[in-house]
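Thanks for making time, everyone. I'd like to walk you through one structure today, so let's get it up on the screen.

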Amino acid sequence: MQHGEWLPLLREVGINDQVARQLMAVGANPALANPSNCLNLPTAARSLYELSRLAPEVIESGIEHGDTPTYGCT
């Protein structure tokens, strides 16, 4: 699909443009996209988005030192 072609489908399932951008930011952050970190990250999409604004190294360090809230995988 071309850029923007997903928007009608996302709207159809109740995901607006802002939420889609936030989810893409989460997926683009290597520390958040790493499945081995799943149990050490919050499950709330908003929390994950806020974490996505940090450098992956900062997130990994937080996980290593137990400085991230853990709620398990969804």
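I'll start with the overall picture, then go through two helices, the core and a few single residues.

One thing up front: this is a predicted model. So what is it built from? We have 5 helices and 0 strands. Reading along the sequence, you just get α-α-α-α-α. If you lay the C-alpha trace along its principal axes, it spans about 40 × 20 × 20 Å.

Now some totals. The protein has 74 residues, and 24% of them are buried. It exposes about 5,300 Å², with carbon and sulfur atoms supplying 56% of that. On charge, there are 4 positive side chains and 8 negative ones, and the centres of those two sets sit 12 Å apart. And if you take contacts between residues at least 6 apart in sequence, 56% of them join residues at least 24 apart.

Okay, on to helix H4, which runs over residues 45-52. Which residues are buried there? Leu-48, Leu-51 and Ser-52. Those three cover an arc of only 105° around the axis, so they end up on the same side of H4. And what covers them? The cover includes helix H2, residues 17-28, helix H3, residues 30-33, and helix H5, residues 56-64.

Let me stay with Ser-52 for a second, since it's the serine in that buried set. Its relative accessible area is 12%, and the cut-off for buried is under 20%, so Ser-52 counts as buried. Leaving out residues up to four places away in sequence, Ser-52 touches Ala-25, Val-26, Asn-29 and Leu-32. Keep Asn-29 in mind, because we'll come back to that one.

Next, H5. The buried residues on this helix are Ile-59, Gly-62 and Ile-63. Here the arc is only 100° around the axis, which again means one side: they're on the same side of H5. That buried set packs against H3 and H4. Where do you find Glu-57 and Glu-64? Both are exposed, on the face of H5 turned away from the buried side. And just after H5 there's Gly-66, with a positive phi of about 75°.

There's another glutamate on H5, Glu-60. Is Glu-60 buried or exposed? Neither, really: with a relative accessible area of 31%, Glu-60 is partly exposed. Not counting residues up to four places away in sequence, Glu-60 touches Ala-31, Asn-34 and Asn-37. Glu-60 and Asn-37 are 23 residues apart in sequence, yet C-alpha to C-alpha they're 8.4 Å apart in space.

So let's talk about the core. As background, nonpolar side chains in soluble globular proteins tend to be buried together. Here, the largest nonpolar core has 8 residues: Val-26, Ala-31, Leu-32, Leu-41, Leu-48, Leu-51, Ile-59 and Ile-63. Which elements give two or more residues to this core? H3, H4 and H5.

If you want one core residue to click on, try Ile-59. Setting aside its neighbours within four places in sequence, Ile-59 is in contact with Asn-29, Ala-31, Leu-32, Leu-41, Leu-51 and Leu-54.

And there's Asn-29 again, as promised. Where is Asn-29? In the loop between H2 and H3. It's a loop asparagine, but with a relative accessible area of 5%, Asn-29 is buried. Beyond its neighbours within four places in sequence, Asn-29 is in contact with Leu-51, Ser-52, Leu-54, Pro-56 and Ile-59. For a sense of distance, Asn-29 and Ala-55 are 26 residues apart in sequence, with their C-alphas 7.8 Å apart in space.

Last residue, Gln-22, over in helix H2. Gln-22 has a relative accessible area of 14%, which makes it another buried one. What does Gln-22 touch? Once you discount residues up to four places away in sequence, it's Arg-46 and Tyr-49.

To wrap up: the model gives us 5 helices, a core of 8 nonpolar residues, and buried Asn-29, which is in contact with Ser-52 and Ile-59, among others. Okay, that's me done, over to you.

Definitions and conventions:
Residues numbered from 1 in each chain as written. Predicted model: local features only at pLDDT ≥ 70, side-chain atom pairs only at ≥ 80, totals over all residues. Heavy atoms only, no water. Helix = DSSP H or I, 4+ residues; strand = E, 2+ residues; numbered from the N terminus. Buried < 20%, exposed > 50% of the residue type's maximum accessible area, 1.4 Å probe, protein only. Contact = heavy atoms within 4.5 Å. Areas by Shrake-Rupley, 256 points an atom, 1.4 Å probe, with all protein chains shown as cover. Lys, Arg positive; Asp, Glu negative; His and termini not counted. Charge placed at Lys NZ, Arg CZ, Asp CG, Glu CD. Arc of directions from axis to C-beta. Core = buried A, V, L, I, M, F, W, Y, C linked by side-chain atoms within 4.5 Å.
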